[in-house]
Amino acid sequence: MNIYTPVLAFLVPALTPCVCAQETNDASTKQFALPAGEIKVQDLIDQCATYLNVNILTTSSDYADIQPIRLHKAITTDKDGCEEVLSHLLSRSGFALTVVDAKHGLLEVILIEGRRGREIFARSQEKSIESILARPNLVVPVTTVVALKHINATSASNAMRPFYARSGGRPTSLQISNAGSNSTLLIEGMQNEVARMIRTIQRCDVEETSSEESQALYSRLRDFAKRIKALEKKLRDR
């Protein structure tokens, strides 16, 4: 018998897990790519689901009259970028990406104006301000609590609410309310919209030194809200 046979028999099993780990690591760092040209929404979902290694539930009848998405240039990005591109393109086509079961990688795409549209925010994820601001381009339903240092929560909520009221029951608009005290706000909406609102509130949440400055702060708050409302209207009218 070859004297090296026992040694090889010992080394092969030991090396195998290392090789598998390397292959898994390579797959996790692989870039996501979408070529230029037209792509159907269902095909986009399938490609992203494969890359992200998740299940994304869909209802085939929801896509019957949806126009394909046309890309003028190819997109290459990472895992976070894939999720953001998918959520934005779905939103543009009238859909919302929701999380059914994060632990088991189960997501679902729901038609915003469809009969199940109101289920979207029933799946809103509770997130911290830090995690929302870390990914301000992700379009998924979230809920967060903002602690205020200087401005009054009730006044801030009243000033912001008219500009983020849900028109016609559309479930993509922001909701803001007093969270039970004058120092906390509860915000619900799509993560990219919530991120913009958090930044607006943070800019306005400064120490009050006089009544005139206080009025100026609330005026700035209303001005920010008006600008965001105008931008959202432009996006909806596209």
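Colleague: I'm new to this one, so let me start with helix H6: how many of its 14 residues are buried?

Modeller: Keep in mind that this is a predicted model. To read burial, look at the relative accessible area: under 20% counts as buried. By that test 10 of the 14 residues in H6 are buried, and the helix is mostly covered. Among them are Val194, Ala195, Met197, Ile198 and Ile201, along with Gln191, Asn192 and Glu193.

Colleague: And how does the span of H6 compare with what its 14 residues should give?

Modeller: Take 1.5 Å a residue, and the expected span comes to 20 Å. The end C-alpha atoms of H6 are 20 Å apart, which agrees.

Colleague: What does H6 pack on?

Modeller: Let's build up the sheet before we get to the helix. It is an open sheet of four strands, in the order S8-S9-S11-S10, and its pairing is mixed. To find the edges, look for strands with a single partner. Here those are S8 (125-126) and S10 (175-178), so each has one side without a neighbour in the sheet. S10 and S11 (residues 184-190) run antiparallel, joined by four bridges. One spot to look at is Ser177, whose bridge partner in S11 is Leu186. Helix H6 (residues 191-204) packs on this sheet and touches S9 (141-147), S10 and S11. The direction of H6 makes about 150° with that of S11.

Colleague: There's a sheet with the order S3-S7-S6 too; how many strands does it have, and is it open?

Modeller: That one is an open sheet of three strands, again with mixed pairing. Use the same edge reading: S3 and S6 each have a single partner strand, so one side of each lacks a neighbour in the sheet. From one strand to the next, the twist averages 30°. S3 and S7 (residues 106-111) run parallel, with three bridges between them, and Ile56 stands opposite Leu107 in S7. This sheet has a helix packed on it as well: H3 (residues 79-92) touches S3, S6 and S7, and its direction makes about 130° with that of S6.

Colleague: Now the rings. How many aromatic pairs does a search of the whole structure find?

Modeller: Two. To name a pair's geometry, check the angle between the ring planes: under 30 degrees is stacked, over 60 is edge-to-face, and the rest are tilted. Phe32 and Tyr51 have planes at 50° and centres 5.2 Å apart, so they make a tilted pair. Phe32 belongs to strand S1 (residues 32-34) and Tyr51 to helix H2 (residues 41-52), so the pair ties together parts 19 residues apart in sequence.

Colleague: Are Phe32 and Tyr51 buried or exposed?

Modeller: Phe32 is buried at 4% relative accessible area, while Tyr51, at 21%, counts as partly exposed.

Colleague: What about Tyr63 and Phe95: stacked or tilted?

Modeller: Their planes are at 15° and their centres 4.8 Å apart, so that pair is stacked. Tyr63 sits in the loop between S3 (55-57) and S4 (69-71), and Phe95 in strand S6 (residues 95-101), so parts 32 residues apart in sequence are tied together. Tyr63 is buried at 12%, and Phe95 is buried at 1%.

Colleague: Which residue lies over the face of Phe224?

Modeller: That's Arg203, at 5.5 Å from the ring centre.

Notes
Residues numbered from 1 in each chain as written. Predicted model: local features only at pLDDT ≥ 70, side-chain atom pairs only at ≥ 80, totals over all residues. Heavy atoms only, no water. Phe/Tyr/Trp six-rings, centres within 6.5 Å; stacked < 30°, edge-to-face > 60°. Helix = DSSP H or I, 4+ residues; strand = E, 2+ residues; numbered from the N terminus. Buried < 20%, exposed > 50% of the residue type's maximum accessible area, 1.4 Å probe, protein only. Lys NZ or Arg CZ within 6 Å of the ring centre and 35° of its normal. Pairing = 2+ DSSP bridges. Contact = heavy atoms within 4.5 Å. Axes fitted to C-alpha atoms, helices over the stretch in contact; angles between N-to-C directions. Expected span 1.5 Å × (residues − 1).
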